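Here are some short exercises to work through with the model open beside you. Try each task before reading its solution.

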Amino acid sequence: MDDLYRELIIDRYKNPQFRGELNPNDITFEDDNPYCGDHIRVDVRLDENGVVTEAAYSGEGCSISQAAADLLIEYIHGKTLDEVKALTKEDVLDLLGIELGPVRLKCALLSLKVLKAGAYGLGEATDDLVA
Amino acid sequence: MKPTHPPKIVLDVQKIRADFPVLEREVRPGVPLIYLDSTATSQKPRQVLEAMDRFYRRTNANIHRGIHTLAEEATAGYEAARERIARFIGAAAAHEVIFVRNTTEAINLVAYSWGRANLNAGDVIVLTEMEHHSNLVPWQMLAAELDLRLEFIPVTPEGLLDLDAYHRLLDLHPKLVTFTHMSNVLGTINPAQEIIAAAHAVGAVTLVDGAQSVPHLPVDVQTLGADFLAFSGHKMLGPSGIGVLYGRGELLEAMPPFLGGGDMIKRVELRSFSVNALPYKFEAGTPAIAEAVGLGAAVEYLAAIGMEAVEQYEHEMIAYVLERLEEIPGVRVFGPEAQHKGAVAAFTLPEAHAHDISQVLDDFGIAVRAGHHCAMPLHTKFGIPATARASFYIYNTRQEVDRLVEGIYKVKEIFG
Ligand SMILES: Cc1ncc(COP(=O)(O)O)c(C=O)c1O
């Protein structure tokens, strides 16, 4: 557990750097984790070359889901839309630096799922986006 | 519980614990299991495990129609379980006990068989805001199909049903009143007898979701006056895969069958069939035979302790749990005070999400559940996405409650 609750995670949970909403935005998407009621919205602004200039997330959830969102949003700044589309589960786990069981994995990956559904312009966020 | 009188010892918890093999296990080396998730599913005593093991080792055969020794023994075992369960809930006859998979299936059986035959467009069903999804979604589905109207008895901020509002809803002359006897989140024990009597006075049929009450309280269908009672074996020391629909004889007689197939028929021709007698009319296909035998053993185990003793033990337990939890700054426990409550404590902490609470507690070997507990509308009502829920049964001790409290302090330390 002391691993799971690394200082980084607790710190990002308590002092998030990228919480908020961006209006207007170029990409926005939100979704729930039906198992636990976590909710995440992600907003992204792109420049004319499709590079992320600003991004933010909002919603509520456990420390893992919120810290993962905060770290992910930081990470995509300066990335192109294609790079965002290509993000994987491993990228998020590397950012968190922990191993997770199947239930907490869903918490950790909610923000990535929402971000990718928005990046691809999909109608819904499906699990295969973060498989 | 009056503080001036020490609680009377109503059951021997150490003796009970010795019957539950899983309680001997350590979750991790040096960390014994503290199982506080019996509302989701209970643990099983060896008496139940042995009854099922014995069935498979010595008797296993399909029931009915066999004239060989094993088939006769299997049928006798299955029917003996039914009789034992009928006595346990005070049913007038064993054929009023229908074996199903679980509470959810029992409720769906009533919705599709009784509901389709008796409800018409515009008819009103009264439910409550504290229902488990399994006593909500089947009625939403039926309402969409038949154009029914669903009305809900509100839950007060204290977590009780607003009975004045209920009495006003009865002016709509509902055809059915369906409600949980005990909430799996708030722990609220609803005044079932009063709710049923008022429903009957306006001619409504009543269904009691007994998933939480039958395992934890004395439940007698005659005293309650219930028309239908649904419950699950796995929450009352029995195996999963077996549950019960109790129905009053005349109602069950008049209902069309639910699933079609073997065993539910008397006679079949190529284009027609005639329906078998109760309870077989509602038991199509090979049932969960060993599981029924296991549930019979579970009921025998509970009856030997006595449901009054179970109720009293858990009542004293929840009073202690609430007292200890209320000491912890910031803890918010949902639901009424101990007097109206079964041994369920769903709570939140300002500094940590339910998942995080449950994860830290797991480090202490403590199993609690985190989420909406299949009661999303109720959580919405209280404005919270999720709670952590600790629930207690006859094998839990006060020492375990003390560990829970220590664990919650640890959560506060990590997230505070
Ligand atoms: C009040 C209540 N009703 C219904 C159910 C559904 O039981 P099952 O999943 O066994 O069908 C539960 C189980 O959590 C419950 O607590």
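**Exercise 1.** How far does a polar side-chain atom of Lys235(B) lie from an oxygen atom of the ligand?

Solution. Start from the model, which is predicted. Pick the polar side-chain atom of Lys235(B) and go to the ligand oxygen: the distance is 2.6 Å. Next, set this beside the cut-off for a polar contact, a pair of N or O atoms within 3.5 Å. Then repeat the step for two other side chains. For His234(B), a polar side-chain atom is 2.7 Å from a ligand oxygen. For Thr104(B), an N or O atom of the side chain lies 2.5 Å from an oxygen atom of the ligand. Finally, turn to the surface: the ligand by itself exposes 400 Å², and the protein buries 88% of that.

**Exercise 2.** Describe the shell around the ligand and the space it takes.

Solution. First, count the residues around the ligand: there are 13, and those that come nearest are Thr104(B), Asp209(B), Gln212(B), Ser232(B) and Lys235(B). Second, sort the shell by character, which gives ten polar residues, two charged and one nonpolar. Third, look at the space itself: the ligand takes up the largest pocket.

**Exercise 3.** Which domains does the assignment give for chain B, and which residues belong to each?

Solution. Begin with domain 1, made of 13–32 + 306–415, then take domain 2, which covers 49–304. Now find the C-alpha centres of these two domains of chain B; 28 Å separate them. Last, examine their contact, to which domain 1 of chain B gives 34 residues and domain 2 of chain B gives 35 residues.

Technical notes
Residues numbered from 1 in each chain as written. Chains lettered and ligands numbered in written order. Predicted model: local features only at pLDDT ≥ 70, side-chain atom pairs only at ≥ 80, totals over all residues. Heavy atoms only, no water. Near = heavy atom within 4 Å. Polar contact = N/O pair within 3.5 Å; in protein donor to acceptor, adjacent residues only side chain to side chain. Areas by Shrake-Rupley, 256 points an atom, 1.4 Å probe, with all protein chains shown as cover. 1 Å grid on protein atoms, 1.4 Å probe; cavity = no way out; pocket = protein on both sides within 12 Å on 5 of 7 lines; lining within 4 Å. Sits in = over half its atoms within 2 Å of the grid points. Nonpolar A, V, L, I, M, F, W, Y, C, P; charged D, E, K, R; others polar. Domains from an automatic or database assignment. Contact = heavy atoms within 4.5 Å.
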